[in-house]
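Reader: I'm in my first year and still learning to read these things. Could you take one part of this structure and walk me through it slowly?

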Amino acid sequence: MILIIIGAFSCSDDDTSFSGIPEDEEEEEIDESDFDGPTYSDDYTSMASWAERSSWNLANVHDPSIAKDGEYFYMYQTDASYGNAHAGNGHFPYRRSTDLVNWDFQGMAFQKVPSWVKDSLNSLRAQMDPPLDPIENPNYGFWAPEIAELNGTYRLYYSIVVHNPIIGNDNTEYWTERAFIGLAETTDLSSNQWEDKGMVVSSVPDGLETYTRNGGGDWSGYFKFNAIDPSFIETPDGEQYLIYGSWHSGISLLKLDPTTGKPTELNSLEDYGTRIAGRGDVNNNRWQGLEAPEIIYNEETGYYYLFLTYDELSVAYNTRVARSENIEGPYYGINGGNVTNGAEAFPVLTHPYKFDNQPGWVGISHCTVFKDEASGKWFYSSQGRLPDGVPGINASNAVMMGQVREIYWTEDGWPVVAPERYAAVPDETVTEEDLLGKWEQITLQYEYRTMQTSVDIVLNENNTLGGALSGSWSFDESAQILQINGSDFIIDKAWDWEASPRRTTITYAGISNNGYSIWGKKS
């Protein structure tokens, strides 16, 4: 991310909350479900304070990273919360879960700033030409940790950003000081006892720009790679890489020493990694509008998948993906665009959206992607924010709810994110008769800071379509694939988070010919 600004908001006097449709709207009469799914409200503002942290569940989550230790999934995140409830209580909040649905807040991974950060900052300042005076009291941001397991050891790569301008106090006159990625290790996540290993990498200038700025509209960044948003991968051959970067000149792939988890040396510009993704004119544009990279390898398809976050975080955030048979790229989108050279990545996997009976979600990105080896399922997790102006909620866009969604894989090997959040609904075979009736469908077509809303379509008994679509549909029950006008969609049982009361439903997900995800939900 570029910057998190969460004001010291107070909760509204209006205690109106929602878990489905607004209270004054008529509820549809439905059959009771035997499945006891999650009921916690998406409006958690009444319990957003630090004193209520034991009740948070997935409230106050931003930029999550997840790994499993024993029976528990552990989630680590950026220092961020509604009303800055976390402030003064340590850094890098974490929680854990046995089912990816119900989460217990555990506290903070670190209690203080590692001393090496200030030392490294001022050492680098002293090496500049001309040398700069030390910063005695740096202002820090604690962003986007990455948790990864290697042979029983857990690595926590974390970002610490120095907010101070390089000189003086005016951020429009001088660029902000650099960011650092550090490393800590433990063999037991439940202990919360970390051995800090110090700096892995820092933001690096490349000499093409000075640290002065020509006002707040000058975005030709001083640093080449911005040392935030780390993610980690070990290849099937045992090679290890850190992927990092945000806006400044694109995304870097940095090879690591497997023993130390750090680069072998940082003596030249090349030692800070190789750009594997950018946006637009990557050779001249130093403000590229993408960040939060994550690479996973799917052994079933033989591809590395590079997940990327586009645009600003409060509303416009959207997730893209590209893939390559080689960890170093080049990475290509579903339309053949070379994302390493700056082409827009497609498909679009998440985007601001709204189903009926709920305000909708924006800012849905900066993801972690992982496979649960026990179930064989892949998952996508990020925050979602409520849009501005939700009635009864003060500063509703500062409400950040953690979201976990299942990932499906298309026949040609592309990931698709589930339309509804994960609720551990039991897997059941869907029949053709189950599909008959009205659906809400959303096409996640890219529009900057614009929510895509659902339209109603009908699957008729004679396999024709009604509502907003015309044409025909068919269903392969053995493969659980719905075909609408020749396009394939993956069917699954899901939890209808927008209904009141919540209940099980059926969803479908697929990718359009032009690279936009399409989501459907049975009404």
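**The negative patch**

Author: Sure, let's look at the surface patch of negative charge made by E411, D412, E432, E433, D434, E461, D476, E477 and D488. Before going on: this is a predicted model, where local features need pLDDT of at least 70, side-chain atom pairs count only at pLDDT 80 or more, and totals for chains, interfaces and linings use all residues. Residues are numbered from 1 along each chain as its sequence is written, and side-chain values use heavy atoms, with hydrogens and water left out.

A patch takes residues with over 30% relative accessible area and no salt bridge, and like charges are joined within 9 Å. A salt bridge, by the way, is a side-chain nitrogen of Lys or Arg within 4 Å of a carboxyl oxygen of Asp or Glu. Asp and Glu count as negative here, and the place of the charge is CG of Asp or CD of Glu. The accessible areas come from the Shrake-Rupley method with a 1.4 Å probe, and for residues only the protein chains shown count as cover.

So which element gives the most to the negative patch? That's helix α2 (residues 432-435), with three residues. Helices are DSSP runs (H or I, at least four residues) and strands are too (E, at least two), numbered from the N terminus.

Now pick out E461, which sits in the loop between β26 (455-459) and β27 (465-467). E461 counts as exposed because its relative accessibility is 67%; the cut-offs are over 50% for exposed, under 20% for buried, and partly exposed in between.

Key. Patches are made of residues with over 30% relative accessible area and no salt bridge: like charges are joined within 9 Å, nonpolar side chains (Val, Leu, Ile, Met, Phe, Trp, Tyr) within 5 Å. Buried means under 20% relative accessible area, exposed over 50%, partly exposed in between (1.4 Å probe, protein chains only).
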